[in-house]
Amino acid sequence: VHAFTGAADSAIKFESGMADVAKVVDGLKTPTGEVTAEYTAMEAKVLELSKTIAGPGAAGFAKIYAAAGEAGIAKEDLNQFAESAAKVSVAFGVTAEEAGSGMAKMRSGLGLSQDSVESLAGTMNYLSNNMAVTAAQAMEVVLKTGGVGKAANVSGQEVAGLGAAMIAAGAQSDVAATASKNYILSLASGATATKAQRAAFKELGLDAEEVAAQFTGSAEQRLKVQQDLLSKIGTLSEDKRVSVLSQLFGKESLGAISGITGNVDKFTSAMVMATDATAAASSVQNEYNVRSKTSENAIGL
């Protein structure tokens, strides 16, 4: 009885999930509500994935497809997206819906291709394997701050590294996201810098326009100007350091950014890891391989 009830419940959830997919993906139903051959093919693909990839199950995969469709991801990319999001779900330890929604938002918000968003997910997982931060926390920072980073020519990988450095230094992920946003806006402000920010830069022997030019330049220039800035802040007396941090980034970001001024080497290490494309390339797949072999996932399959 329990087995029958469980199977029926799963079937109902799957049917409901596919109905959500049909709402946001064109061509799956006729104007009169009948399913099309495309719907049947996608349904078969979802079931196939649920039998070969541990974690989400058929209903979970349907949620991933729905999240992708709602974000406007092209129909021809949905299968690859769903497979990738399922592996991210297992590797990050988040639900299929969270993984699908997060990856879809990063793709659309940062203007990334499927390969690029998979690389970014790999960066987050690589950071989590080497620092006191979870991949889910790194993704939260990128989701909240990535758009600001993109406007300043800062990659999603660099935003993830910045947030991870703050979290590893003791900041909560939501605080690190806000601090990362204020940090990027301040360093990229240039001619629009406030009077207080200009005074703080001057206190450090820096110029707002020159900092912005380097910060929005190449990745190498960006890292160098950050190292210089953070090192200079770290040498200030405690009272001056608090004043300068508040002027540059705002009081709400003071604690999180202060954490990375105390150990510039750790910050540098985080940024180097974040931009290591080779390590990122296999990180999610390797993590998935390990986690998918657990008894729980084996039983799920």
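A residue counts as buried under 20% relative accessible area, as exposed over 50%, and as partly exposed in between. N153 has a relative accessible area of 42%, so N153 is partly exposed. This is a predicted model, and N153 is a good place to enter it. The residue sits in the loop between α7 and α8. Its phi is positive, about 70°, although N153 is not a glycine.

Step back to the whole chain. Its secondary structure comes to 17 helices and zero strands. The C-alpha trace spans about 70 × 45 × 30 Å along its principal axes. The chain has 301 residues, and 47% of them count as buried. Its accessible surface comes to about 14,000 Å². Carbon and sulfur atoms hold 51% of that surface. Now take the contacts with a separation of 6 or more: 64% of them join residues 24 or more positions apart.

Next, helix α7, the element that N153 follows. Helix α7 covers residues 135-151, which makes 17 residues. How does its span compare with expectation? The expected span is 1.5 Å times one less than the number of residues. For α7 that gives 24 Å, and the end C-alpha atoms lie 23 Å apart, so the two agree. The helix also bends, by about 60° at T145.

T145 is itself one of the buried residues of α7. The others are A135, A138, M139, V141, V142, G146, V148 and G149. A general point helps in reading such a list. An α-helix has 3.6 residues a turn, so residues three or four places apart point the same way. What covers the buried residues of α7? The cover includes α4 (78-92), α5 (96-110) and α6 (114-130). It also includes α8 (156-168) and α9 (173-187).

Helix α9 leads on to the aromatic residues. How many aromatic pairs does the structure hold? There are two. In one, the ring centres of Y183 and F215 are 6.5 Å apart and the planes stand at 80°. Planes over 60 degrees apart count as edge-to-face, so this pair is edge-to-face. The pair links distant parts of the chain, with Y183 in α9 and F215 in α11 (residues 208-215), 32 residues apart. Both Y183 and F215 are buried.

The other pair joins Y183 to F249. Their ring centres are 5.5 Å apart and their planes stand at 25°. Planes under 30 degrees apart count as stacked, so this pair is stacked. Here too distant parts of the chain are linked: Y183 lies in α9 and F249 in helix α13 (residues 238-249), 66 residues apart. Y183 has a relative accessible area of 0% and is therefore buried. F249, at 4%, is buried as well. Ring pairs thus link Y183, F215 and F249 into a cluster.

Finish at helix α14, residues 254-261. Which of its residues are buried? They are L254, A256, I257, I260 and T261. These residues pack against α8, α9, α12 (219-234), α13 and α15 (264-274). Two of those partners have appeared already as the hosts of aromatic residues: α9 carries Y183, and α13 carries F249. Helices α8 and α9 also figure in the cover of the buried residues of α7.

Key:
Residues numbered from 1 in each chain as written. Predicted model: local features only at pLDDT ≥ 70, side-chain atom pairs only at ≥ 80, totals over all residues. Heavy atoms only, no water. Helix = DSSP H or I, 4+ residues; strand = E, 2+ residues; numbered from the N terminus. Bend = angle between axes of the 7 residues up to and from the residue. Buried < 20%, exposed > 50% of the residue type's maximum accessible area, 1.4 Å probe, protein only. Contact = heavy atoms within 4.5 Å. Phe/Tyr/Trp six-rings, centres within 6.5 Å; stacked < 30°, edge-to-face > 60°. Areas by Shrake-Rupley, 256 points an atom, 1.4 Å probe, with all protein chains shown as cover.
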